[in-house]
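Trainee: Could you take me through the barrel in this model, one part at a time? I would like a close look at its strands and what surrounds them.

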Amino acid sequence: MEFKVIFIMCFILFRKLVPVEMGEIQKMAANSPPFNGNSIPDGAVNKKLAANTPLFNGNATDGAVEENYNLDVENEYRSKTEELIAARSKYGSVNEMPYIELKNGQKMPVLAVGTALLEPKLIKHIIRAAIDLGYRAIDVAFIYGTERPVGEAIREKILDGTVRREDLFIMSKLWSTFHYPELVEKACRASLETMGLDYFDLYMIHNPMSFKEGGDPIPTIANVLQYSDYEYLDAWFAMEKLVHKGLVKGIGLSNFNSSQVSRVNEKGSIKPLVNQVECHPYLNQERLITFCKTYDVAISCFGTLGSPGTPVDYKSPGVKPVIGDPIITTMAAGMHITPAQMLIRYQLERGHNVVVKASSAAHLWENIQSLNCRLTQNEVEALHLLNKNKRNFSFIGMGDTHKNYPFKDSF
Ligand SMILES: NC(=O)c1ccc[n+]([C@@H]2O[C@H](COP(=O)([O-])OP(=O)(O)OC[C@H]3O[C@@H](n4cnc5c(N)ncnc54)[C@H](OP(=O)(O)O)[C@@H]3O)[C@@H](O)[C@H]2O)c1
């Protein structure tokens with residue numbers, strides 16, 4: 001089977017099952033001939049994933065088994081929800097989140113909570129708990145289909161006085177069907193409206209491949225992905241205008257290779273602040289990172305733990321989640337920290353922002369505690385040695401024939 005990037009794959013499959021909700025993006029269509037499609041239904045991506053996770057795909061063969069199974073699922077939701085609601089009283093809160101200073105002076109918290117493929121019933125609880133525990137950055141994207149509940153949770157935490165908007169760093173991403181310049185602002189405004197926000201702290205081009213404009217986020221004809229006549233530089237110039245209009249504080253890239261980073265730097269009048277890329281010891285990205293440093297482009301890492309919750313069918317074959325690597329588990333045990341803390345700390349020692357997804361209060365707390373441990377340079381070097389240049393998210397079948405597919409180049 002073809003291996004597709006997880007969120008897209010989920011979307012394609014689930015789109016067939018879920019009625020599409022009318023949304024802002026559809027309203028955009030009315031004013032914009034090349035764009036006439038559907039919004040992503042809230043939670044659609046997540047629900048499809050849910051169908052593939054052990055929690056949801058019990059092998060019920062008769063009514064009784066199914067009933068017990070549903071009960072187990074409900075009980076698991078209930079206990080997770082209760083733990084998330086009680087997160088701060090159970091664990092406490094990190095008062096000071098360190099940050100990376102971006103070259104425009106913005107302060108980007110080093111740790112961000114991820115929002116792709118979260119279970120819809122838990123999203124708001126997770127985001128509220130994350131803020132209660134001290135997370136101050138949140139990573140969203142149009143294609144995740146989670147903007148609405150994430151935005152609601154953020155607004156609730158602002159309303160109850162836990163944080164002010166300016167304490168938070170909300171980063172989102174422009175999807176590939178919106179690279180046509182006139183669509184960039186519309187897409188950004190639609191995402192802001194869905195989330196109930198006035199601005200994003202960072203808005204990134206989600207990836208460098210440009211898909212055919214229209215209502216379908218994955219536009220295919222006879223299963224062949226359709227590409228746009230525009231490209232990421234067209235989108236970049238339009239992104240610059242978002243900064244001037246105050247819709248976003250900063251702009252950046254995601255999944256861009258070194259020559260693409262360099263091209264945007266050279267052609268853009270506003271230089272990219274960040275490149276968000278998959279990064280963990282099996283794909284340590286040393287060359288890309290060194291290259292980005294020459295342009296003062298900060299790195300935001302995703303897949304830091306090796307994406308253990310992502311179904312194997314959606315990942316590159318043969319790459320096991322790095323969190324289970326015996327060297328990681330042994331080293332971490334020797335240091336009296338957990339493997340997740342070691343993997344997050346590895347990136348923090350390298351000066352990166354880290355996006356980690358977690359759906360329990362225990363994981364959220366464990367991960368934020370990586371702020372309190374240290375790795376020596378020797379330990380960082382030891383982790384570098386695990387590099388295999390193996391990525392989980394290869395975009396095969398999802399833009400790998402596009403002229404701007406980023407992973408043809410070695411870095
Ligand atoms: N820019 C892009 O193209 C791009 C692509 C992919 C992802 N992202 C962003 O990065 C985020 C994270 O990506 P990801 O989910 O692929 O990778 P990840 O953060 O490496 O893995 C998340 C998985 O790790 C588990 N986990 C979290 N904390 C743990 C702990 N302390 N111990 C053991 N397991 C733990 C989570 O389980 P539980 O849920 O059970 O806690 C979840 O299944 C996404 O949500 C998204 O925001 C961006």
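Mentor: Happily; here is the barrel, followed by its neighbours and the ligand shell. This is a predicted model, in which local features need pLDDT of at least 70 and side-chain atom pairs count only at pLDDT 80 or more, while totals for chains, interfaces and linings use all residues. Residues are numbered from 1 along each chain as its sequence is written.

Let us start with the whole chain, which has 15 helices and 12 strands. Both are DSSP runs numbered from the N terminus, helices being H or I with at least four residues and strands E with at least two. Of the 411 residues, 51% are buried; a residue is buried if 20 or more other C-beta atoms, placed from the backbone, lie within 10 Å of its own, exposed if 12 or fewer, and partly exposed in between. Two residues are in contact if their C-beta atoms, placed from the backbone, lie within 7 Å. Among contacts between residues at least 6 apart in sequence, 75% join residues at least 24 apart.

Now the barrel itself. It is closed and has 8 strands, in the order β3-β4-β5-β6-β9-β10-β11-β12, with parallel pairing. Direction ignored, neighbouring strands of this sheet are turned by 30° against each other on average. Two strands pair if DSSP finds at least two bridges between them. One such pair joins β9 (residues 248-254) to β10 (residues 274-278), in the parallel sense and over 2 bridges. Here L253 stands opposite N275 of β10.

Strand β9 also holds K249. Why does K249 count as buried? Because 20 other C-beta atoms lie within 10 Å. K249 touches Q106, Y199, D201 and L202, leaving out residues up to four places away in sequence. The C-alpha atoms of K249 and L202 are 6.0 Å apart, although 47 residues separate them along the chain.

Next, a helix beside the barrel. α8 lies across β5 (169-174), β6 (200-205) and β9, and runs at about 135° to β5. Angles here run from 0 to 180 degrees between N-to-C directions, and axes are lines fitted to C-alpha atoms, for helices over the stretch in contact. Helix α8 (residues 181-195) also packs with helix α7 (residues 147-159), at about 55° and with the axes 7 Å apart. That makes α7 oblique to α8, since angles under 35 degrees count as roughly parallel, over 145 as roughly antiparallel, 65 to 115 as roughly perpendicular and the rest as oblique. From α7, E147, R148, V150 and G151 meet S191, T194 and M195 of α8. The residues of this contact divide into 2 nonpolar, 3 polar and 2 charged. Ala, Val, Leu, Ile, Met, Phe, Trp, Tyr, Cys and Pro count as nonpolar, Asp, Glu, Lys and Arg as charged, and the others, Gly among them, as polar.

Finally, the ligand. It is surrounded by 29 residues, the closest being G114, F302, L305, G309 and A340; a residue is near a molecule if its C-beta atom, placed from the backbone, lies within 6 Å of it. The shell divides into 10 nonpolar, 16 polar and 3 charged residues. Barrel strand β12 returns here: β12 (353-356) and α14 (361-368) each supply at least two residues of the shell. Helix α14 gives the most, with 3 residues.
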